Amino acid sequence: MNTTEILLEMFLVVIAVVSLLSNLSVLLCFTQSAEIRSHVPGIFVLNLSFSNILLTIINMPTTFLGVARSEKPFGDLFCQAVSFAETFLTTNAMLSMAALSVDRWIAVVFPLSYSSKMRYRDAFLILTYSWIHSLTFSLSEILMSWGGYSHTYASCTVHLGGGEGGRAQFAAFATFTALLHSTSFALCLLVLCFAYLKVLRVARFHCKRIDVITVQTLLLLVDIHPSVKERCLVEQRKRRQRATKKICIFIGSFILCFSPYVITRLVELLPHVRVHRYWGIGTKCLSYSKAASDPFVYSLLRQQYRKVLAGVTHRVLRRDRYSLSGQSSSTFDTDDNSMPRIT
């Protein structure tokens, strides 16, 4: 085992730990807060978190063993089941992100009709489509026996064994792979760009209106202190950049984590193209890292979730403090009773 493999294994372990803890924190917030449960986007966040947790538990350890052993870690049937889970969970997670972007678009662009356009029934219909879409490709993969261990990616994934079925089988596999990534990655990226750019356009429009009001107010207040004026202008610039940063994080994290892996899977379909094993494993780990970043991008950095986590942490620490104080007081009482009385 060389240094590159050790670094890849460490990277996988870090991603798995962060992904499991962060996604479980999202589920904890969902169970502890009635306000979060009452919001329709919480359904999409919950679906995304469950997909990420299952991906962390099922697929990441399999890839870790594949990197460590440099061979198939389990039997064919188990590897096909893991490949089925990866296709289903990854596609479902991508569609959940697209659903969240559509929800934000409706909430920002059509705020007055949001409650009628995005109801729980509509959210469950979107989730039903996401599950059917994901199951269609996962079941097709199993029926065509295209799930197995790939040495290039050190994982159980969509894979066509060497020399299987000839040219017709390879053409069918290439069509399936292109359809899978075009209807998951490409479609979701298109939805994300459309929805969030519309949101950004509305946010910039509102920022301009606020900026005009701020400048007019500063011109009217002649005797205002220069430091207050400077603070208002700084806040104005921050407000203008805040929406852009958020949109860049939403779209940028999706492209950064998934595009190297998707492009590699499409390029390897070309004749006489061989992907280096370390590059394949690296792109696979990078796609896994999206499961670790999703809770922070969509949930944990929001004030609502931070407040719930702070409340849970405060309750746990207070309970521990009370239990420690109770143990210490009982110890003191025992010591007092055991002391001999002098008369």
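This briefing walks through a disulfide, some salt bridges, a long-range look at helix H1 and a nonpolar surface patch. Keep in mind that the model is predicted. A search of the whole structure turns up one disulfide, and the salt bridges number seven. Helix H1 is a handy place to start, since residues from H1 turn up under more than one heading below.

**Helix H1**

- Helix H1 covers residues 3-32.
- H1 is made of 30 residues, and its first and last C-alpha atoms are 43 Å apart. That is close to the 44 Å expected at 1.5 Å a residue.
- Look at the start of H1 and you'll find Asn2, whose side-chain oxygen comes to within 3.3 Å of the backbone nitrogen of Thr4.

**The nonpolar patch**

- Five names to look for on the surface are Leu20, Leu24, Leu54, Ile57 and Ile58, which together make a nonpolar patch of about 380 Å².
- Two helices, H1 and H3 (41-69), each give two or more residues to the patch.
- H3 is the biggest giver, with three residues.
- Leu24 sits in helix H1. Its relative accessibility is 41%, so Leu24 counts as partly exposed.

**The disulfide and other cysteines**

- As a quick reminder, a disulfide is a covalent bond between the sulfur atoms of two cysteines.
- Here the bond links Cys79 and Cys156, with 1.9 Å from S to S.
- The two ends sit in helix H4 (residues 76-109) for Cys79 and strand S2 (residues 155-158) for Cys156, so the pair ties together parts that are 77 residues apart in sequence.
- Turn the view along the S-S bond of Cys79 and Cys156 and the torsion is about -105°, so this disulfide is left-handed.
- Both ends are tucked away: Cys79 is buried because its relative accessibility is 1%, and Cys156 is buried too, at 2%.
- What about Cys29, buried or exposed? Cys29 is buried, with a relative accessible area of 0%.
- Cys193 has a relative accessibility of 25%, so Cys193 counts as partly exposed.

**Salt bridges**

- The general idea is simple: side chains of opposite charge can pair when their charged atoms come close.
- One of the seven salt bridges pairs Glu5 with Arg277, and their closest N and O atoms are 3.5 Å apart.
- Glu5 belongs to helix H1 and Arg277 to helix H9 (residues 277-300), so this pair ties together parts that are 272 residues apart in sequence.
- Glu5 is buried, with a relative accessible area of 9%, and Arg277 is buried as well, at 12%.
- Another pair is Glu268 and Arg265, whose side chains meet at 2.8 Å, N to O.
- How do the partners in that pair sit? Glu268 counts as partly exposed because its relative accessibility is 22%, whereas Arg265 is buried, with a relative accessible area of 4%.
- Lys290 and Asp294 form a salt bridge too, with their closest N and O atoms 2.3 Å apart.
- Both Lys290 and Asp294 lie in helix H9, four residues apart, which is about one turn of the helix.
- An α-helix has 3.6 residues a turn, so residues three or four places apart point the same way.
- Lys290 and Asp294 are both buried.

How values were computed:
Residues are numbered from 1 along each chain as its sequence is written. This is a predicted model: local features need pLDDT of at least 70, side-chain atom pairs count only at pLDDT 80 or more; totals for chains, interfaces and linings use all residues. Side-chain values use heavy atoms; hydrogens and water are left out. Patches are made of residues with over 30% relative accessible area and no salt bridge: like charges are joined within 9 Å, nonpolar side chains (Val, Leu, Ile, Met, Phe, Trp, Tyr) within 5 Å. Accessible areas come from the Shrake-Rupley method with a 1.4 Å probe; for residues, only the protein chains shown count as cover. A salt bridge is a side-chain nitrogen of Lys or Arg within 4 Å of a carboxyl oxygen of Asp or Glu. Buried means under 20% relative accessible area, exposed over 50%, partly exposed in between (1.4 Å probe, protein chains only). A disulfide is a pair of cysteine sulfur atoms within 2.5 Å. The expected span of a helix is 1.5 Å times one less than its number of residues. A polar contact is a pair of N or O atoms within 3.5 Å; within protein, one must be able to donate a hydrogen and the other to accept it, and residues adjacent in sequence count only if both atoms are side-chain atoms.
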